[in-house]
Amino acid sequence: MSVELPLLARGKVREIYDASTPAAPDRLLLVASDRISAYDHVLPTPIPDKGRVLTQLSVWWFEQLTPVLESFGASHHLISATDVPDDVAGRAMLVRRLEMLPVECVARGYLSGSGTKEYARTGSIRDVALPAGLVEGSRLPAPVFTPSTKAEVGEHDEAIDFAAVVSAVGAGRAEELRELTLALYSRGAEIAEAAGIVLADTKFEFGLDGDELVLADEVLTPDSSRFWPASSWSPGAAQPSYDKQYVRDWLTNESGWDRTSTPPELPDDVVAATRERYVTAYEQLTGRSFA
Ligand SMILES: Nc1ncnc(-c2cnn(Cc3cccc(F)c3)c2)c1Cl
């Protein structure tokens, strides 16, 4: 793939390019690859169309969430998902370049992953006390804002408390981030639930355009969120991932991989089933067929 623009950053499964021109400065191109990561490793086998499905899902969510953003006097960074280079058609977004805020804005509606461990130790998540008796996969009484700092490439994000957010962005902006994060999550979870998908948690990134708060990055995709099939939701154990479970199960039960060396290639049937999960999630959520 040869996007003839200066590469600014490369994530595990995405790249970001400088798309500014003298006529249109302060623009970036966010490109989603077909790469998939599991157990903190980028796998060698691409999932055909994963980049396109997740990009088109973000585009659709930007449309759905615009009323929530506007109610906060905020906006999103998407300029165009069609005015992009041919060789990344459908899997790239032309966006406004923002001054990114140094906070990963995570909202959790369910107990899972690091949240379960924190709850087991303290009976709460950050500064939010929770009822006793919750287990892995339990729905929380109300969604919780659990911010973290952006880690260096390859490291895990580090949990921070609300006071640290205030230190980073000021009290007013911190409160706005928490309220907007929770409102966007709640709207997303409501739409997902109607489509048979549990949106267990998600991570938003925001930036500033002048003094305006802007929703950035990818939004409510299975890479930035935990998607669980509602039909199999059963608190008390780790919930199956809507999109990555075939890959995780094969890697754990069939491949013999030791989870430290370079991961093996995926078999064709696991690739095909995983592609189908991404397409199905898109079609169930949006009601649109994936071209
Ligand atoms: N609108 C924006 N303005 C300024 N910066 C960003 C920005 C920087 N980094 N990221 C995360 C990321 C997205 C993809 C590939 C990567 F390597 C990293 C997003 C954005 Cl989205």
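Okay, let's start with the layout: this protein is divided into two domains, domain 1 covering 7-96 and domain 2 covering 99-240. Keep in mind that what you have in front of you is a predicted model. If you take the C-alpha centres of domain 1 and domain 2, they sit 20 Å apart. Where the two meet, domain 1 brings 23 residues to the contact and domain 2 brings 24 residues.

So what lies between the two domains? A nonpolar core does: domain 1 and domain 2 both give residues to this core, so it lies between them. This is the largest nonpolar core, with 68 residues. The members that touch the most other members are Trp-61, Leu-184, Phe-204, Phe-206, Leu-215, Leu-266 and Leu-285. And which helix gives the most to this core? That would be helix H1, residues 50-71, with ten residues.

Let's zoom in on one of those names, Leu-285. Skip its neighbours within four places in sequence, and Leu-285 is in contact with Leu-57, Trp-60, Trp-61, Ala-192, Ala-195, Ile-197 and Phe-227. Apart from this big core there is another one, made of nine residues, and among them are Val-3, Val-84, Val-88 and Ala-92.

While we're on helix H1, have a look at Thr-55, which is found in that helix. Is Thr-55 buried or exposed? Its relative accessibility is 4%, and anything under 20% is called buried, so Thr-55 counts as buried. Setting aside neighbours within four places in sequence, Thr-55 is in contact with Ala-32, Gly-90, Arg-91, Ala-92 and Met-93. Take the last of those: Thr-55 and Met-93 are 38 residues apart in sequence, and their C-alpha atoms are 7.3 Å apart in space.

Now hold that against another pair. Phe-162 and Leu-199 are 37 residues apart in sequence, but from C-alpha to C-alpha they are 23 Å apart in space. Phe-162 has its place in helix H3, residues 162-169. With a relative accessible area of 17%, Phe-162 is buried too. Not counting residues up to four places away in sequence, Phe-162 touches Asp-127, Phe-145, Ala-174, Glu-175 and Arg-178.

Next up is the ligand. How many residues surround the ligand? There are 15, and the closest are Gly-11, His-77, Arg-96, Leu-98 and Met-100. Three of these names come with distances. His-77 has a polar side-chain atom 2.9 Å from a nitrogen atom of the ligand. Arg-96 uses its backbone instead, with an N or O atom 2.8 Å from a nitrogen atom of the ligand. Leu-98 also comes in with a backbone N or O atom, 2.9 Å from a ligand nitrogen atom. On its own the ligand exposes 470 Å², and the protein buries 85% of that.

Which strands build the shell around the ligand? Strand S1 (7-10), strand S2 (14-18), strand S3 (27-32) and strand S8 (92-96) each supply at least two residues. S2 gives the most, with three residues.

Over to Thr-202, which has its place in strand S16, residues 197-209. Thr-202 is buried, with a relative accessible area of 1%. What does its side chain do in there? The side chain of Thr-202 makes a polar contact with the side chain of Ser-225, at 2.7 Å. A polar atom of that Thr-202 side chain also lies 3.4 Å from the backbone oxygen of Ser-224. Leaving out neighbours within four places in sequence, the contacts of Thr-202 are Cys-105, Val-106, Ala-107, Tyr-185, Leu-220, Ser-224 and Ser-225.

Last stop, two residues with a backbone angle worth pointing out. Tyr-39 has a phi near 50°, a positive value in a residue other than glycine. Tyr-39 is found in the loop between strand S4 (37-38) and strand S5 (41-42). With 26% relative accessibility, Tyr-39 counts as partly exposed. The other one is Arg-259, with phi near 65°, again a positive value in a residue other than glycine. Arg-259 lies in the loop between helix H5 (245-253) and helix H6 (268-286). At 42% relative accessibility, Arg-259 counts as partly exposed as well.

That's my tour, thanks for listening!

Methods:
Residues numbered from 1 in each chain as written. Predicted model: local features only at pLDDT ≥ 70, side-chain atom pairs only at ≥ 80, totals over all residues. Heavy atoms only, no water. Core = buried A, V, L, I, M, F, W, Y, C linked by side-chain atoms within 4.5 Å. Buried < 20%, exposed > 50% of the residue type's maximum accessible area, 1.4 Å probe, protein only. Helix = DSSP H or I, 4+ residues; strand = E, 2+ residues; numbered from the N terminus. Domains from an automatic or database assignment. Contact = heavy atoms within 4.5 Å. Near = heavy atom within 4 Å. Polar contact = N/O pair within 3.5 Å; in protein donor to acceptor, adjacent residues only side chain to side chain. Areas by Shrake-Rupley, 256 points an atom, 1.4 Å probe, with all protein chains shown as cover.
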